[in-house]
Amino acid sequence: MNPRLVIDLKKLAHNGRFLADLCHGHGMSMAAVTKVFCAEPPMVEALAAAGVDFLADSRVENIAAYPAAGQKTMMLRLVSPSEAENVVRHCDMSLNSEIAALEALATAAQKQGKTHKIILMIDLGDLREGVYFDNAERISRTVEFVLSQKSLVLEGIGTNLTCYGSVLPTADNLGQLCAIADGIRQKYGVALPMVSGGNSSTLYLLEKGLIPKGINNLRLGESIVCGKETAYGETFPGLEVDAVTLEAEIIEIAEKPSYPVGQININAFGETVAYDDIGVHKRAILAVGRQDTNQDGLACLTPGVDVIGASSDHLIVDISNAAPLAVGDRLSFSLSYGAVLAGFTSKYVDKVFV
């Protein structure tokens, strides 16, 4: 039997509704990010019914497959010029930083008789996407290009933090984003209605009342699925954890040494692993591996079961301190964001909605 993800749609909807209400209570809109679960239709429908303002994804094919839900759609990954036509066809707005992509979007929108909304991304120091915050000339040049195109609308600016450079969102750096937005409004006389202040890592500022007033949108994914803010990796008050869990079947149980026998070098993934020698212990192998999930993001929900490691097809766990288990039993695991992402991406993992 294949490993399977078990999705609790009630928990998912609760998290979506709680976060949407939280954002609305602070005068902000909320985009529900669907990429981590590959925009599975029952999950998209649950979030749409929960009252989120936007549905957002980094893959245009996921957005194209959204069920008709009525929410506006947002393309998260910077647009590739080669996909501009599909982005305009399926997305109401997109995040951008390069004029080459904006040129392609303008042409595609003109051909389709549409106007496409642009969120100009600003890099506040996390060093992923966006025009670098102190490059005023390039910010102005990009803004002016968007404003010169009849088929494009400058909807706002945004930023992304913590995803690459691990830079925390703070009142100071988000204040810089608000200042850039105000500067654009004053210089060009535009409304610039959206200032998108990042992802689930910004929630801790919201909880503490420290988020600058000019921030009026958040793009939330991990907090919806895992119930956590991502600045410090803590469970966020009011959210349900384990909206998604993993189940896998035991295919071997044996007592074996805890330290490999023989000359040790690298494993199949080119890694040098440090093994702990705790003597002979009882261990189980499950029918799930790195091709299906991220083993570092698994925590077994059965007391006394500890994850040891994984190969491409097998997960090895220590069951020495667990209640008796048998081959054919299934174990359930709590998942990190990375493990959820890998599980939904793998075609070898079944999805069960409850």
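In the predicted model, Leu-192 is located in the loop that links helix H7 (171–188) with strand E9 (194–196). The phi angle of Leu-192 is near 45°, which is a positive value in a residue other than glycine. The relative accessible area of Leu-192 is 1%; since buried means under 20%, this loop residue is therefore classed as buried.

A second positive phi was found at Asp-242, where the angle is about 60° although the residue is not a glycine. Asp-242 also belongs to a loop, here the one between helix H9 (222–226) and strand E11 (244–257). The relative accessibility of Asp-242 is 23%. Partly exposed covers the range between the limits of 20% and 50%, so Asp-242 counts as partly exposed. Of these two loop residues, then, Leu-192 is buried, whereas Asp-242 is partly exposed.

The packing of helices was examined for H1 (residues 9–25) and H2 (residues 41–49), whose axes come within 8 Å and cross at roughly 40°. An angle of this value lies outside the ranges for roughly parallel (under 35 degrees) and roughly perpendicular (65 to 115), and H1 and H2 are therefore oblique to each other. The handedness of the crossing of H1 and H2 is right-handed. On the H1 side, the contact is made by Leu-9, Leu-12, Ala-13 and Gly-16; on the H2 side, the contributing residues are Pro-42, Met-43, Ala-46 and Leu-47. Sorted by class, the contact of H1 with H2 comprises seven nonpolar residues, one polar residue and no charged residues. Gly counts as polar in this classification, so the polar member is Gly-16 of H1.

Helix H2 also contains Glu-45. With a relative accessibility of 45%, Glu-45 counts as partly exposed, because this value falls between the limits of 20% and 50%. Glu-45 is separated from Ala-69 by 24 residues in sequence, while the C-alpha to C-alpha distance between Glu-45 and Ala-69 is 6.9 Å.

For helix H10 (residues 337–345), the buried residues are Ala-339, Val-340, Gly-343 and Phe-344. These four cover an arc of only 125° around the axis, and they therefore lie on the same side of H10.

Definitions and conventions. Residues are numbered from 1 along each chain as its sequence is written. This is a predicted model: local features need pLDDT of at least 70, side-chain atom pairs count only at pLDDT 80 or more; totals for chains, interfaces and linings use all residues. Side-chain values use heavy atoms; hydrogens and water are left out. Axes are lines fitted to C-alpha atoms, for helices over the stretch in contact, and angles run from 0 to 180 degrees between N-to-C directions. Helices (H or I, at least four residues) and strands (E, at least two) are DSSP runs, numbered from the N terminus. Angles under 35 degrees count as roughly parallel, over 145 as roughly antiparallel, 65 to 115 as roughly perpendicular and the rest as oblique. A crossing is left-handed if the near helix is turned anticlockwise from the far one by less than a right angle, and right-handed if clockwise. Contact means heavy atoms within 4.5 Å. Buried means under 20% relative accessible area, exposed over 50%, partly exposed in between (1.4 Å probe, protein chains only). The arc is that of the directions from the helix axis to the C-beta atoms.
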